Amino acid sequence: MERYIVYNAENNDRTVVVLPALGERKEIYAHLAAQMADYRFIAIDLPGHNQDNQADVSIGGFVREIKKILNDLQIPAAHLVGNSIGAWICEAFYAEYPAYVKSLTLLDGGYYFLADREEDEGEIMLPVIDSLEELEQAVDETILAMDKLAESERQLFKDYLMNNFYLQGDSYMHHSREQALNRLSKEVTATDYCLKQAADIPLILLLAEESMDEFSLEKMQLFKVAHPDADVKIICRGYHFLPITNAADVAAVMRELLSQQ
């Protein structure tokens with residue numbers, strides 16, 4: 001499996017690098033890339049995801065890999081977008097290689113130190129599903145719980161979630177490795193990758209309404225104080241998987257920003 005995929009490759013003068021959430025695949029950005037067909041999208045899998053077996057599953061190693069991909073593709077700088085843990089990794093990349101970053105878009109992540117919220121709940125255990133029928137039932141239950149999800153997005157998201165599993169023998173296995181999920185999860189709760197000072201590049205924070213609570217609202221306000229020039233918006237009827245569940249809303253905000261670049 002290729003570590004990255006390029007959408008809209010012909011638009012090589014406007015490049016957006018996109019990183020998915022923990023446990024998700026680069027293909028979660030296909031819908032957003034279609035919404036922004038006049039921009040080249042480079043979607044990169046997190047280490048240990050999408051049946052990747054590389055040994056280095058650290059955030060530091062991944063940051064260096066992103067830089068290598070940009071160098072290999074002869075891209076001097078790009079707009080960075082990250083969903084959930086991908087947002088924190090975008091911030092880590094910007095801290096290490098600021099000259100490579102034209103703007104930052106944080107999708108439901110990256111606006112507070114994750115350790116402020118999450119307690120150590122032990123090791124992540126990935127499911128092993130015994131039949132296609134059980135997999136379909138689990139995915140259907142996930143979709144039904146997202147009662148504000150637009151009808152046009154339901155089948156799209158269901159198809160994506162079904163492909164998060166692959167058949168091995170008689171069972172359906174999750175695409176990512178437990179070792180990678182646990183290493184990345186622990187690293188982002190042990191190290192504060194959030195921006196420590198106001199960014200000197202355009203900055204967007206988009207939050208999913210359906211994921212918000214009092215803690216999120218408090219942290220959002222603190223983020224706005226720390227980054228007064230940032231564009232901060234709550235996506236109405238938004239879900240944590242913003243690149244696929246709310247792609248049109250995300251695209252509208254990003255277009256407004258990128259048109260100014």
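Biologist: Which residues does Glu27 touch, not counting residues up to four places away in sequence?

Modeller: In this predicted model, Glu27 touches Tyr7, Asn50 and Tyr160 once residues up to four places away in sequence are left out, and each of these counts as a contact because heavy atoms come within 4.5 Å. Glu27 itself lies in the loop between β2 (15-19) and α1 (30-35).

Biologist: Why is Glu27 called partly exposed?

Modeller: The relative accessibility of Glu27 is 23%, and since buried means under 20% and exposed means over 50%, a value in between is called partly exposed.

Biologist: What makes the pair of Glu27 and Lys26 a polar contact?

Modeller: The side chains of Glu27 and Lys26 are joined at 3.4 Å, and the limit for a pair of N or O atoms is 3.5 Å, with residues adjacent in sequence counted only if both atoms are side-chain atoms. The contact between Glu27 and Lys26 is one between side chains, so it is counted as polar.

Biologist: How do you know that Arg25 and Glu27 form a salt bridge?

Modeller: The closest N and O atoms of Arg25 and Glu27 are 3.3 Å apart, and the cut-off for a side-chain nitrogen of Lys or Arg and a carboxyl oxygen of Asp or Glu is 4 Å, so the pair qualifies. Arg25 is called buried because its relative accessible area is 6%, where buried means under 20%. Salt bridges also link Arg25, Lys26, Glu27 and Asp45 in a network.

Biologist: How many salt bridges does the structure hold, and what makes Asp192 and Lys196 one of these pairs?

Modeller: The structure holds 17 salt bridges. For Asp192 and Lys196 the distance from N to O is 3.9 Å, which is within the 4 Å allowed, and therefore the pair is counted. Asp192, at 30% relative accessibility, is partly exposed, whereas Lys196, at 60%, counts as exposed because the bound for that word is over 50%.

Biologist: Why are both partners of the salt bridge between Asp231 and Lys233 called partly exposed?

Modeller: The relative accessible area is 24% for Asp231 and 31% for Lys233, and both residues are called partly exposed because these values fall between the 20% and 50% bounds. The closest N and O atoms of Asp231 and Lys233 are 2.7 Å apart.

Biologist: What makes the ring pair of Phe93 and Tyr97 tilted, and how many aromatic pairs does the whole structure contain?

Modeller: A search of the whole structure finds 8 aromatic pairs. The ring centres of Phe93 and Tyr97 are 5.3 Å apart and their planes stand at 50 degrees; as the centres need to lie within 6.5 Å, and as planes under 30 degrees apart count as stacked and over 60 as edge-to-face, the pair is called tilted.

Biologist: Why, then, is the pair of Phe93 and Tyr100 called edge-to-face?

Modeller: The planes of Phe93 and Tyr100 are at 85 degrees, with the ring centres 6.2 Å apart, so the angle is over the 60 degrees required and the distance is within 6.5 Å. Phe93 is buried at 0% relative accessibility, Tyr97 is buried at 17%, and Tyr100 is buried as well. Elsewhere, ring pairs link Trp88, Tyr111, Tyr112 and Phe215 into a cluster.

Biologist: What makes Arg14 count as a charge over the ring of Tyr39?

Modeller: Arg14 lies over the face of Tyr39 at 4.6 Å from the ring centre, a distance within the 6 Å that the term requires.

Biologist: How do you know that the span of helix α2 is close to the expected one?

Modeller: Helix α2 (residues 59-72) has 14 residues and reaches 20 Å from its first C-alpha to its last, and the expected value at 1.5 Å a residue is also given as 20 Å. At the start of α2, a side-chain oxygen of Ser58 reaches to within 2.9 Å of the backbone nitrogen of Gly61, and α2 is followed by Gln74, with a positive phi near 60 degrees.

Biologist: Which elements do the buried residues of α2 pack against?

Modeller: The buried residues of α2, among them Phe62, Ile66 and Leu70, pack against β1 (4-7), β2, β3 (40-44), β4 (78-83), α3 (85-96) and α6 (178-190).

How values were computed. Residues are numbered from 1 along each chain as its sequence is written. This is a predicted model: local features need pLDDT of at least 70, side-chain atom pairs count only at pLDDT 80 or more; totals for chains, interfaces and linings use all residues. Side-chain values use heavy atoms; hydrogens and water are left out. Helices (H or I, at least four residues) and strands (E, at least two) are DSSP runs, numbered from the N terminus. Buried means under 20% relative accessible area, exposed over 50%, partly exposed in between (1.4 Å probe, protein chains only). A polar contact is a pair of N or O atoms within 3.5 Å; within protein, one must be able to donate a hydrogen and the other to accept it, and residues adjacent in sequence count only if both atoms are side-chain atoms. The expected span of a helix is 1.5 Å times one less than its number of residues. Rings of Phe, Tyr and Trp (its six-membered ring) pair if their centres lie within 6.5 Å; planes under 30 degrees apart count as stacked, over 60 as edge-to-face and the rest as tilted. A charge sits over a ring if NZ of Lys or CZ of Arg is within 6 Å of the ring centre and within 35 degrees of the ring normal.
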